[in-house]
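Biologist: I am new to reading protein models. Could you take me through one, feature by feature?

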Amino acid sequence: MIVIFGASGDLTRKKLIPALYNLFKKGTLTDSIICLARKKFSTEDFIESLQLAENIGSNEIDPEFISYLTYYPTDFRKPDINLLQTVLSKEEETIFYLAVGPDLFQPIIDIIKQLGISRKKVVFEKPFGFDLGSATELNDCISKTFNEKEIYRIDHYLGKEMVQNILVFRFANSIFEQIWNRDFIEKVEITISEAAGIGRRAEYYENAGALRDMMQNHLLQLLALTAMNPPISMQADDIRDEVVKVLRKVKTLNFKVAQYESYRQEIEKPDSVTETYAALTLNIDEAKWQGVPFELKTGKKLAQRYAEINLIIKDVTCRLFSRERKIKNLPNTITLRIQPNEGIMVKFNAKIPGAGMDLQQVKMDFCHKCEFGPNTPEAYESLLYEIMEGDQTLFTRWDSVEASWKIIDPIRQQKKQLSFYQEGSEVF
Ligand SMILES: NC(=O)c1ccc[n+]([C@@H]2O[C@H](COP(=O)([O-])OP(=O)(O)OC[C@H]3O[C@@H](n4cnc5c(N)ncnc54)[C@H](OP(=O)(O)O)[C@@H]3O)[C@@H](O)[C@H]2O)c1
(Lines give C-alpha, C1' and ligand atoms only; values in the text may rest on other atoms or scores of the structure.)
Protein backbone atom coordinates (compact mmCIF):
# COMPACT_ATOMS: atom_id res chain seq x y z
CA MET A 1 0.00 0.00 0.00
CA ILE A 2 1.20 3.49 -0.86
CA VAL A 3 -0.19 6.57 0.86
CA ILE A 4 0.58 9.97 -0.65
CA PHE A 5 0.13 12.98 1.61
CA GLY A 6 -0.16 16.08 -0.61
CA ALA A 7 -1.66 14.20 -3.55
CA SER A 8 -3.21 17.28 -5.16
CA GLY A 9 0.16 19.03 -5.37
CA ASP A 10 2.57 19.69 -8.18
CA LEU A 11 5.08 17.01 -7.17
CA THR A 12 2.48 14.24 -7.12
CA ARG A 13 0.95 15.25 -10.44
CA LYS A 14 4.16 15.83 -12.36
CA LYS A 15 6.59 13.34 -10.81
CA LEU A 16 5.11 10.74 -8.48
CA ILE A 17 2.09 9.58 -10.48
CA PRO A 18 4.03 9.31 -13.78
CA ALA A 19 6.78 7.39 -11.96
CA LEU A 20 4.23 5.05 -10.34
CA TYR A 21 2.57 4.54 -13.72
CA ASN A 22 5.88 3.50 -15.28
CA LEU A 23 6.48 1.08 -12.41
CA PHE A 24 2.98 -0.31 -12.92
CA LYS A 25 3.66 -0.80 -16.64
CA LYS A 26 6.84 -2.69 -15.76
CA GLY A 27 4.88 -4.91 -13.40
CA THR A 28 6.61 -3.60 -10.27
CA LEU A 29 3.62 -1.80 -8.80
CA THR A 30 0.77 -3.97 -7.65
CA ASP A 31 -0.33 -1.90 -4.66
CA SER A 32 -3.24 0.40 -4.30
CA ILE A 33 -2.46 4.09 -3.85
CA ILE A 34 -4.31 6.12 -1.27
CA CYS A 35 -4.18 9.80 -2.16
CA LEU A 36 -4.71 12.44 0.51
CA ALA A 37 -4.90 16.23 0.37
CA ARG A 38 -7.14 19.04 1.53
CA LYS A 39 -9.16 19.76 -1.64
CA LYS A 40 -12.67 18.36 -1.53
CA PHE A 41 -12.28 16.21 -4.62
CA SER A 42 -14.10 12.96 -5.36
CA THR A 43 -11.75 10.24 -6.65
CA GLU A 44 -13.02 10.99 -10.19
CA ASP A 45 -12.30 14.74 -9.85
CA PHE A 46 -8.91 13.93 -8.43
CA ILE A 47 -8.03 11.62 -11.32
CA GLU A 48 -9.09 14.29 -13.77
CA SER A 49 -6.95 16.87 -11.95
CA LEU A 50 -3.89 14.65 -12.44
CA GLN A 51 -3.94 15.39 -16.21
CA LEU A 52 -2.63 11.88 -16.77
CA ALA A 53 -2.34 12.07 -20.54
CA GLU A 54 -0.20 15.18 -20.39
CA ASN A 55 1.97 14.17 -17.45
CA ILE A 56 2.45 10.55 -18.42
CA GLY A 57 2.81 11.44 -22.09
CA SER A 58 0.21 9.03 -23.49
CA ASN A 59 -3.44 9.30 -24.44
CA GLU A 60 -4.10 5.68 -23.56
CA ILE A 61 -3.77 5.30 -19.83
CA ASP A 62 -4.23 1.74 -18.60
CA PRO A 63 -7.56 1.66 -16.69
CA GLU A 64 -6.16 -0.91 -14.25
CA PHE A 65 -3.71 1.71 -12.98
CA ILE A 66 -6.54 4.19 -12.53
CA SER A 67 -8.42 1.61 -10.47
CA TYR A 68 -5.49 1.60 -8.01
CA LEU A 69 -6.07 5.27 -7.13
CA THR A 70 -8.45 6.40 -4.40
CA TYR A 71 -8.66 9.95 -3.07
CA TYR A 72 -9.80 11.05 0.39
CA PRO A 73 -10.06 14.75 1.26
CA THR A 74 -8.24 15.19 4.58
CA ASP A 75 -6.90 18.19 6.44
CA PHE A 76 -3.66 16.94 7.95
CA ARG A 77 -4.06 19.36 10.82
CA LYS A 78 -7.55 17.98 11.63
CA PRO A 79 -7.43 14.42 10.32
CA ASP A 80 -10.19 11.84 10.51
CA ILE A 81 -8.09 9.02 11.95
CA ASN A 82 -11.02 6.60 12.07
CA LEU A 83 -11.58 6.96 8.36
CA LEU A 84 -7.89 6.36 7.62
CA GLN A 85 -7.86 3.34 9.90
CA THR A 86 -10.71 1.78 7.98
CA VAL A 87 -8.96 2.39 4.67
CA LEU A 88 -5.53 1.12 5.70
CA SER A 89 -4.63 -2.31 6.94
CA LYS A 90 -2.43 -2.57 10.02
CA GLU A 91 -0.87 -5.77 8.70
CA GLU A 92 0.13 -4.58 5.27
CA GLU A 93 3.50 -2.92 4.64
CA THR A 94 2.77 0.73 3.89
CA ILE A 95 4.85 3.43 2.19
CA PHE A 96 3.92 6.89 3.43
CA TYR A 97 5.12 9.55 0.99
CA LEU A 98 5.10 13.09 2.40
CA ALA A 99 4.75 15.20 -0.78
CA VAL A 100 4.17 18.33 1.27
CA GLY A 101 6.15 21.26 2.66
CA PRO A 102 8.12 20.69 5.89
CA ASP A 103 5.56 22.59 8.01
CA LEU A 104 3.27 19.57 7.60
CA PHE A 105 5.83 16.92 8.56
CA GLN A 106 4.96 17.03 12.27
CA PRO A 107 1.15 16.76 11.89
CA ILE A 108 1.61 13.90 9.42
CA ILE A 109 4.04 12.09 11.70
CA ASP A 110 1.35 12.31 14.39
CA ILE A 111 -1.17 10.79 11.97
CA ILE A 112 1.15 7.91 11.07
CA LYS A 113 1.83 7.31 14.76
CA GLN A 114 -1.88 7.07 15.49
CA LEU A 115 -2.47 4.64 12.62
CA GLY A 116 -0.31 2.08 14.41
CA ILE A 117 0.99 0.33 11.28
CA SER A 118 3.99 -1.79 12.18
CA ARG A 119 5.65 -2.37 8.78
CA LYS A 120 6.17 1.04 7.23
CA LYS A 121 8.51 3.24 5.24
CA VAL A 122 8.26 7.00 5.47
CA VAL A 123 9.50 9.23 2.67
CA PHE A 124 10.42 12.87 3.27
CA GLU A 125 10.83 15.36 0.46
CA LYS A 126 13.44 18.04 0.54
CA PRO A 127 13.99 20.57 2.02
CA PHE A 128 14.99 18.68 5.16
CA GLY A 129 15.00 21.70 7.49
CA PHE A 130 16.05 25.27 6.76
CA ASP A 131 19.29 25.21 8.73
CA LEU A 132 21.12 22.90 11.11
CA GLY A 133 18.88 23.85 14.06
CA SER A 134 15.57 23.21 12.29
CA ALA A 135 16.86 20.08 10.56
CA THR A 136 18.04 18.67 13.92
CA GLU A 137 14.69 19.48 15.51
CA LEU A 138 12.88 17.79 12.63
CA ASN A 139 15.13 14.78 12.77
CA ASP A 140 14.73 14.41 16.55
CA CYS A 141 10.98 14.43 16.04
CA ILE A 142 11.13 11.85 13.25
CA SER A 143 13.54 9.55 14.99
CA LYS A 144 11.35 9.39 18.09
CA THR A 145 8.67 7.79 15.93
CA PHE A 146 10.59 5.88 13.22
CA ASN A 147 13.89 4.07 13.14
CA GLU A 148 16.48 5.08 10.53
CA LYS A 149 15.71 1.95 8.46
CA GLU A 150 12.15 3.23 7.98
CA ILE A 151 13.20 6.74 6.90
CA TYR A 152 13.81 7.71 3.27
CA ARG A 153 15.03 11.31 2.80
CA ILE A 154 14.72 12.23 -0.84
CA ASP A 155 17.39 14.04 -2.78
CA HIS A 156 16.06 13.34 -6.24
CA TYR A 157 19.47 13.99 -7.81
CA LEU A 158 20.61 10.69 -6.34
CA GLY A 159 17.95 8.95 -8.43
CA LYS A 160 19.38 10.26 -11.70
CA GLU A 161 20.95 7.55 -13.78
CA MET A 162 24.22 9.40 -14.36
CA VAL A 163 24.59 10.19 -10.68
CA GLN A 164 24.30 6.49 -9.88
CA ASN A 165 26.84 5.95 -12.64
CA ILE A 166 29.50 8.03 -10.83
CA LEU A 167 30.39 5.11 -8.57
CA VAL A 168 30.51 2.66 -11.47
CA PHE A 169 32.57 5.02 -13.62
CA ARG A 170 35.06 5.53 -10.81
CA PHE A 171 35.26 2.18 -9.08
CA ALA A 172 34.76 -0.19 -12.02
CA ASN A 173 37.28 1.50 -14.32
CA SER A 174 40.89 1.58 -13.21
CA ILE A 175 41.79 3.88 -16.11
CA PHE A 176 39.96 6.67 -14.34
CA GLU A 177 40.20 5.79 -10.66
CA GLN A 178 43.99 5.71 -10.77
CA ILE A 179 44.13 9.38 -11.71
CA TRP A 180 41.30 10.41 -9.38
CA ASN A 181 43.46 12.37 -6.94
CA ARG A 182 45.57 15.51 -6.40
CA ASP A 183 48.50 14.14 -8.42
CA PHE A 184 46.49 14.29 -11.63
CA ILE A 185 43.49 16.52 -11.05
CA GLU A 186 43.91 20.28 -11.13
CA LYS A 187 40.35 21.25 -10.31
CA VAL A 188 36.84 19.82 -10.06
CA GLU A 189 33.85 21.86 -11.25
CA ILE A 190 30.33 20.81 -10.29
CA THR A 191 27.60 22.85 -11.94
CA ILE A 192 23.83 22.80 -11.94
CA SER A 193 22.72 25.58 -14.26
CA GLU A 194 18.98 26.23 -14.53
CA ALA A 195 17.37 28.22 -17.33
CA ALA A 196 14.08 28.35 -15.44
CA GLY A 197 13.29 30.92 -12.80
CA ILE A 198 11.43 30.43 -9.53
CA GLY A 199 8.11 29.58 -11.20
CA ARG A 200 5.21 29.32 -8.78
CA ARG A 201 7.46 28.71 -5.79
CA ALA A 202 8.14 32.39 -5.02
CA GLU A 203 7.34 32.25 -1.32
CA TYR A 204 9.36 29.10 -0.73
CA TYR A 205 12.28 30.33 -2.80
CA GLU A 206 12.45 33.75 -1.16
CA ASN A 207 13.01 31.99 2.17
CA ALA A 208 15.37 29.40 0.74
CA GLY A 209 17.71 30.82 -1.94
CA ALA A 210 20.23 28.85 -3.95
CA LEU A 211 22.38 27.85 -0.98
CA ARG A 212 19.54 26.07 0.80
CA ASP A 213 17.56 24.98 -2.24
CA MET A 214 20.42 23.46 -4.26
CA MET A 215 23.85 23.61 -2.59
CA GLN A 216 23.00 21.99 0.73
CA ASN A 217 21.59 18.91 -0.97
CA HIS A 218 22.18 18.25 -4.69
CA LEU A 219 25.59 19.87 -5.18
CA LEU A 220 27.12 18.62 -1.94
CA GLN A 221 25.88 15.11 -2.63
CA LEU A 222 27.50 15.26 -6.09
CA LEU A 223 30.72 16.47 -4.49
CA ALA A 224 30.65 13.61 -1.99
CA LEU A 225 30.16 10.97 -4.71
CA THR A 226 32.96 12.53 -6.77
CA ALA A 227 35.47 12.75 -3.92
CA MET A 228 34.65 9.78 -1.68
CA ASN A 229 36.94 6.83 -1.13
CA PRO A 230 35.75 3.39 -2.29
CA PRO A 231 33.21 1.93 0.12
CA ILE A 232 33.98 -1.51 1.54
CA SER A 233 30.85 -2.86 -0.16
CA MET A 234 27.86 -1.70 -2.18
CA GLN A 235 25.65 -1.92 0.93
CA ALA A 236 23.69 1.29 1.53
CA ASP A 237 25.38 2.09 4.82
CA ASP A 238 28.89 1.42 3.55
CA ILE A 239 28.34 3.90 0.71
CA ARG A 240 26.68 6.41 2.99
CA ASP A 241 29.56 6.10 5.52
CA GLU A 242 31.99 7.25 2.83
CA VAL A 243 29.67 10.08 1.74
CA VAL A 244 29.52 11.50 5.23
CA LYS A 245 33.29 11.17 5.76
CA VAL A 246 33.90 13.45 2.76
CA LEU A 247 31.30 16.01 3.80
CA ARG A 248 32.86 16.27 7.25
CA LYS A 249 36.22 17.13 5.67
CA VAL A 250 34.93 19.96 3.49
CA LYS A 251 36.46 23.40 4.11
CA THR A 252 35.08 26.52 2.47
CA LEU A 253 37.75 28.60 0.77
CA ASN A 254 35.58 31.22 -0.87
CA PHE A 255 32.08 31.93 -2.10
CA LYS A 256 29.97 34.42 -4.00
CA VAL A 257 26.25 35.01 -4.20
CA ALA A 258 24.20 36.88 -6.77
CA GLN A 259 20.61 37.61 -7.79
CA TYR A 260 19.14 37.91 -11.26
CA GLU A 261 18.23 41.46 -12.11
CA SER A 262 14.44 41.11 -12.34
CA TYR A 263 14.06 38.92 -9.23
CA ARG A 264 13.02 41.69 -6.81
CA GLN A 265 10.41 42.96 -9.24
CA GLU A 266 9.16 39.43 -9.89
CA ILE A 267 8.56 38.70 -6.22
CA GLU A 268 7.48 42.30 -5.50
CA LYS A 269 10.05 42.73 -2.74
CA PRO A 270 12.42 45.59 -3.60
CA ASP A 271 14.81 44.86 -0.72
CA SER A 272 15.10 41.07 -1.15
CA VAL A 273 18.63 39.76 -0.54
CA THR A 274 17.84 36.15 -1.51
CA GLU A 275 20.56 34.70 -3.72
CA THR A 276 19.40 33.07 -6.94
CA TYR A 277 23.00 32.14 -7.75
CA ALA A 278 25.76 30.75 -5.55
CA ALA A 279 29.31 29.68 -6.25
CA LEU A 280 31.47 27.98 -3.61
CA THR A 281 35.12 27.06 -3.74
CA LEU A 282 35.73 24.18 -1.38
CA ASN A 283 38.63 22.01 -0.38
CA ILE A 284 38.57 18.51 1.05
CA ASP A 285 40.88 18.25 3.99
CA GLU A 286 42.57 14.95 3.20
CA ALA A 287 45.88 14.06 1.59
CA LYS A 288 44.25 12.72 -1.58
CA TRP A 289 42.63 16.06 -2.39
CA GLN A 290 45.06 18.54 -0.82
CA GLY A 291 45.20 21.72 -2.93
CA VAL A 292 42.46 20.67 -5.38
CA PRO A 293 39.68 23.27 -5.50
CA PHE A 294 36.13 21.97 -5.87
CA GLU A 295 34.10 24.73 -7.51
CA LEU A 296 30.35 24.30 -7.03
CA LYS A 297 28.05 26.62 -8.98
CA THR A 298 24.30 26.83 -9.34
CA GLY A 299 21.79 29.46 -10.34
CA LYS A 300 18.44 30.25 -11.89
CA LYS A 301 17.57 32.06 -15.14
CA LEU A 302 20.95 31.23 -16.63
CA ALA A 303 21.68 30.72 -20.32
CA GLN A 304 21.33 26.94 -20.31
CA ARG A 305 19.85 24.07 -18.37
CA TYR A 306 22.50 21.49 -17.57
CA ALA A 307 24.16 19.62 -14.72
CA GLU A 308 27.67 18.27 -14.99
CA ILE A 309 30.84 17.36 -13.15
CA ASN A 310 33.97 18.45 -14.89
CA LEU A 311 37.44 17.29 -13.89
CA ILE A 312 40.36 19.31 -15.26
CA ILE A 313 43.45 17.14 -15.52
CA LYS A 314 46.87 18.58 -14.59
CA ASP A 315 49.30 19.14 -17.41
CA VAL A 316 52.04 16.62 -16.71
CA THR A 317 53.10 16.15 -20.36
CA CYS A 318 56.62 17.04 -21.45
CA ARG A 319 55.36 20.32 -22.94
CA LEU A 320 56.98 19.40 -26.23
CA PHE A 321 54.27 21.00 -28.32
CA SER A 322 53.77 24.08 -26.26
CA ARG A 323 57.54 24.71 -26.19
CA GLU A 324 58.22 24.09 -29.85
CA ARG A 325 55.09 25.49 -31.42
CA LYS A 326 54.49 28.21 -28.81
CA ILE A 327 50.94 26.99 -28.41
CA LYS A 328 49.32 25.99 -25.20
CA ASN A 329 48.06 22.44 -24.92
CA LEU A 330 44.47 22.66 -23.82
CA PRO A 331 43.98 20.64 -20.65
CA ASN A 332 42.51 17.14 -20.78
CA THR A 333 39.12 17.04 -19.13
CA ILE A 334 36.66 14.38 -18.03
CA THR A 335 33.05 15.50 -17.99
CA LEU A 336 30.21 13.54 -16.41
CA ARG A 337 27.06 14.96 -17.99
CA ILE A 338 24.18 14.39 -15.60
CA GLN A 339 21.55 16.14 -17.72
CA PRO A 340 20.59 16.65 -20.46
CA ASN A 341 22.39 14.43 -23.02
CA GLU A 342 23.54 12.10 -20.24
CA GLY A 343 26.98 10.72 -20.82
CA ILE A 344 30.68 10.97 -20.19
CA MET A 345 33.14 12.89 -22.32
CA VAL A 346 36.91 12.89 -22.32
CA LYS A 347 38.64 15.74 -24.12
CA PHE A 348 42.21 15.42 -25.37
CA ASN A 349 44.51 16.96 -27.96
CA ALA A 350 44.95 15.59 -31.47
CA LYS A 351 46.91 16.62 -34.53
CA ILE A 352 45.03 18.62 -37.11
CA PRO A 353 45.41 16.70 -40.41
CA GLY A 354 47.83 17.93 -43.04
CA ALA A 355 51.18 19.62 -42.97
CA GLY A 356 52.54 20.96 -39.73
CA MET A 357 51.86 19.84 -36.21
CA ASP A 358 49.00 21.96 -35.03
CA LEU A 359 46.79 20.68 -32.24
CA GLN A 360 43.09 20.70 -31.68
CA GLN A 361 41.05 19.51 -28.74
CA VAL A 362 38.85 16.52 -29.67
CA LYS A 363 36.55 14.35 -27.64
CA MET A 364 35.66 10.75 -26.86
CA ASP A 365 32.01 10.78 -26.06
CA PHE A 366 29.91 8.13 -24.33
CA CYS A 367 26.26 8.95 -25.04
CA HIS A 368 24.04 7.15 -22.56
CA LYS A 369 20.93 7.26 -24.75
CA CYS A 370 22.79 6.03 -27.86
CA GLU A 371 24.17 3.05 -25.94
CA PHE A 372 21.24 2.07 -23.76
CA GLY A 373 18.25 3.58 -25.57
CA PRO A 374 16.04 6.52 -24.68
CA ASN A 375 13.89 4.92 -22.00
CA THR A 376 16.05 5.62 -18.99
CA PRO A 377 13.90 5.75 -15.86
CA GLU A 378 13.26 9.19 -14.44
CA ALA A 379 14.81 9.86 -11.04
CA TYR A 380 11.51 9.46 -9.16
CA GLU A 381 10.85 6.10 -10.79
CA SER A 382 14.22 4.79 -9.61
CA LEU A 383 13.71 6.23 -6.15
CA LEU A 384 10.22 4.77 -5.73
CA TYR A 385 11.48 1.41 -6.92
CA GLU A 386 14.30 1.47 -4.35
CA ILE A 387 11.84 2.41 -1.60
CA MET A 388 9.67 -0.58 -2.54
CA GLU A 389 12.78 -2.77 -2.51
CA GLY A 390 13.87 -1.32 0.84
CA ASP A 391 17.29 -0.20 -0.45
CA GLN A 392 18.36 3.07 1.16
CA THR A 393 21.52 3.70 -0.89
CA LEU A 394 19.96 6.55 -2.88
CA PHE A 395 18.58 8.34 0.17
CA THR A 396 20.42 10.76 2.41
CA ARG A 397 21.17 9.55 5.90
CA TRP A 398 20.79 11.98 8.78
CA ASP A 399 24.54 12.35 9.43
CA SER A 400 25.09 13.51 5.86
CA VAL A 401 22.21 16.01 6.07
CA GLU A 402 23.73 17.29 9.30
CA ALA A 403 27.23 17.55 7.78
CA SER A 404 25.83 19.47 4.78
CA TRP A 405 24.08 22.03 6.95
CA LYS A 406 27.34 22.48 8.88
CA ILE A 407 28.95 23.55 5.59
CA ILE A 408 26.09 25.80 4.44
CA ASP A 409 25.07 27.53 7.68
CA PRO A 410 28.38 29.41 8.24
CA ILE A 411 28.34 30.54 4.60
CA ARG A 412 24.83 31.90 4.97
CA GLN A 413 25.75 33.66 8.20
CA GLN A 414 28.54 35.64 6.51
CA LYS A 415 26.73 38.49 4.86
CA LYS A 416 28.66 38.57 1.63
CA GLN A 417 27.96 41.33 -0.91
CA LEU A 418 25.17 40.29 -3.27
CA SER A 419 25.95 41.02 -6.90
CA PHE A 420 23.44 41.06 -9.76
CA TYR A 421 23.41 39.24 -13.08
CA GLN A 422 21.42 39.51 -16.26
CA GLU A 423 18.91 36.78 -17.02
CA GLY A 424 20.42 34.46 -19.61
CA SER A 425 24.01 34.86 -18.33
CA GLU A 426 26.43 31.98 -18.56
CA VAL A 427 27.58 30.37 -15.29
CA PHE A 428 30.18 32.73 -13.75
N1 LIG B 1 7.04 20.23 -7.30
C2 LIG B 1 8.21 19.63 -7.50
O3 LIG B 1 8.57 19.29 -8.63
C4 LIG B 1 9.12 19.35 -6.33
C5 LIG B 1 10.42 18.90 -6.60
C6 LIG B 1 11.26 18.59 -5.52
C7 LIG B 1 10.79 18.73 -4.23
N8 LIG B 1 9.54 19.18 -4.00
C9 LIG B 1 9.08 19.29 -2.61
O10 LIG B 1 7.92 18.51 -2.44
C11 LIG B 1 7.02 19.11 -1.52
C12 LIG B 1 5.67 19.32 -2.19
O13 LIG B 1 5.85 20.19 -3.29
P14 LIG B 1 4.68 20.57 -4.30
O15 LIG B 1 5.31 21.37 -5.37
O16 LIG B 1 3.89 19.38 -4.68
O17 LIG B 1 3.77 21.55 -3.40
P18 LIG B 1 2.27 21.99 -3.68
O19 LIG B 1 1.95 21.94 -5.12
O20 LIG B 1 2.10 23.29 -2.96
O21 LIG B 1 1.40 20.86 -2.95
C22 LIG B 1 1.22 20.83 -1.56
C23 LIG B 1 0.26 19.73 -1.21
O24 LIG B 1 0.05 19.78 0.22
C25 LIG B 1 -1.36 19.75 0.46
N26 LIG B 1 -1.68 20.43 1.71
C27 LIG B 1 -1.23 21.62 2.14
N28 LIG B 1 -1.74 21.88 3.36
C29 LIG B 1 -2.53 20.83 3.70
C30 LIG B 1 -3.31 20.50 4.83
N31 LIG B 1 -3.38 21.29 5.90
N32 LIG B 1 -3.97 19.35 4.81
C33 LIG B 1 -3.92 18.52 3.76
N34 LIG B 1 -3.18 18.77 2.65
C35 LIG B 1 -2.51 19.91 2.64
C36 LIG B 1 -1.97 20.47 -0.71
O37 LIG B 1 -3.30 20.11 -0.78
P38 LIG B 1 -4.45 21.12 -1.25
O39 LIG B 1 -3.92 21.72 -2.52
O40 LIG B 1 -5.60 20.23 -1.47
O41 LIG B 1 -4.60 22.14 -0.19
C42 LIG B 1 -1.12 19.90 -1.85
O43 LIG B 1 -1.60 18.63 -2.19
C44 LIG B 1 7.70 20.41 -1.09
O45 LIG B 1 8.41 20.18 0.09
C46 LIG B 1 8.67 20.70 -2.22
O47 LIG B 1 9.80 21.45 -1.78
C48 LIG B 1 8.70 19.50 -5.02
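Modeller: Start with a definition. A residue is buried when its relative accessible area is under 20%, exposed when that area is over 50%, and partly exposed in between. Keep in mind that this is a predicted model.

Biologist: Is C370 buried or exposed?

Modeller: C370 has 64% relative accessibility. The cut-off for exposed is over 50%, so C370 counts as exposed.

Biologist: And which class does C367 fall in?

Modeller: C367 has a relative accessible area of 23%, so C367 is partly exposed. Two other cysteines are buried: C35 at 0% and C141 at 16%.

Biologist: How many disulfides does a search of the whole structure find?

Modeller: The search finds one. A disulfide needs two cysteine sulfur atoms within 2.5 Å. Here C367 and C370 are the partners, with their sulfur atoms 2.1 Å apart. The link is right-handed, with 85° about the S-S bond.

Biologist: Now helices. How do I describe two that pack together?

Modeller: Two numbers do the job: the angle between the axes and the distance between the axes. Take α10, residues 202-227, and α11, residues 236-248. Their axes come within 9 Å and cross at roughly 105°.

Biologist: What does that angle make α10 and α11 to each other?

Modeller: Angles of 65 to 115 degrees count as roughly perpendicular. Therefore α10 and α11 are roughly perpendicular to each other.

Biologist: Which residues make the contact?

Modeller: From α10 come L220, Q221, L223, A224, L225 and A227. From α11 come V243, V246 and L247. By class, this contact has eight nonpolar residues, one polar and no charged ones.

Biologist: What general idea helps me read a single helix?

Modeller: An α-helix has 3.6 residues a turn, so residues three or four places apart point the same way. Now look at α6, residues 105-115. Its buried residues are F105, P107, I108, I109, I111, I112 and L115.

Biologist: What do the buried residues of α6 pack against?

Modeller: They pack against the strands β1, β4 and β5 and the helices α5 and α7. Just after α6, G116 takes a positive phi of about 65°.

Biologist: Last, the whole chain. Which domains does the assignment give?

Modeller: Domain 1 spans 2-125, and domain 2 spans 158-421. Their C-alpha centres lie 33 Å apart. Across the two, 18 residues of domain 1 are in contact with 10 residues of domain 2.

Conventions:
Residues are numbered from 1 along each chain as its sequence is written. This is a predicted model: local features need pLDDT of at least 70, side-chain atom pairs count only at pLDDT 80 or more; totals for chains, interfaces and linings use all residues. Side-chain values use heavy atoms; hydrogens and water are left out. Buried means under 20% relative accessible area, exposed over 50%, partly exposed in between (1.4 Å probe, protein chains only). Axes are lines fitted to C-alpha atoms, for helices over the stretch in contact, and angles run from 0 to 180 degrees between N-to-C directions. Helices (H or I, at least four residues) and strands (E, at least two) are DSSP runs, numbered from the N terminus. Angles under 35 degrees count as roughly parallel, over 145 as roughly antiparallel, 65 to 115 as roughly perpendicular and the rest as oblique. Contact means heavy atoms within 4.5 Å. Ala, Val, Leu, Ile, Met, Phe, Trp, Tyr, Cys and Pro count as nonpolar, Asp, Glu, Lys and Arg as charged, and the others, Gly among them, as polar. Domain bounds come from an automatic or database domain assignment.
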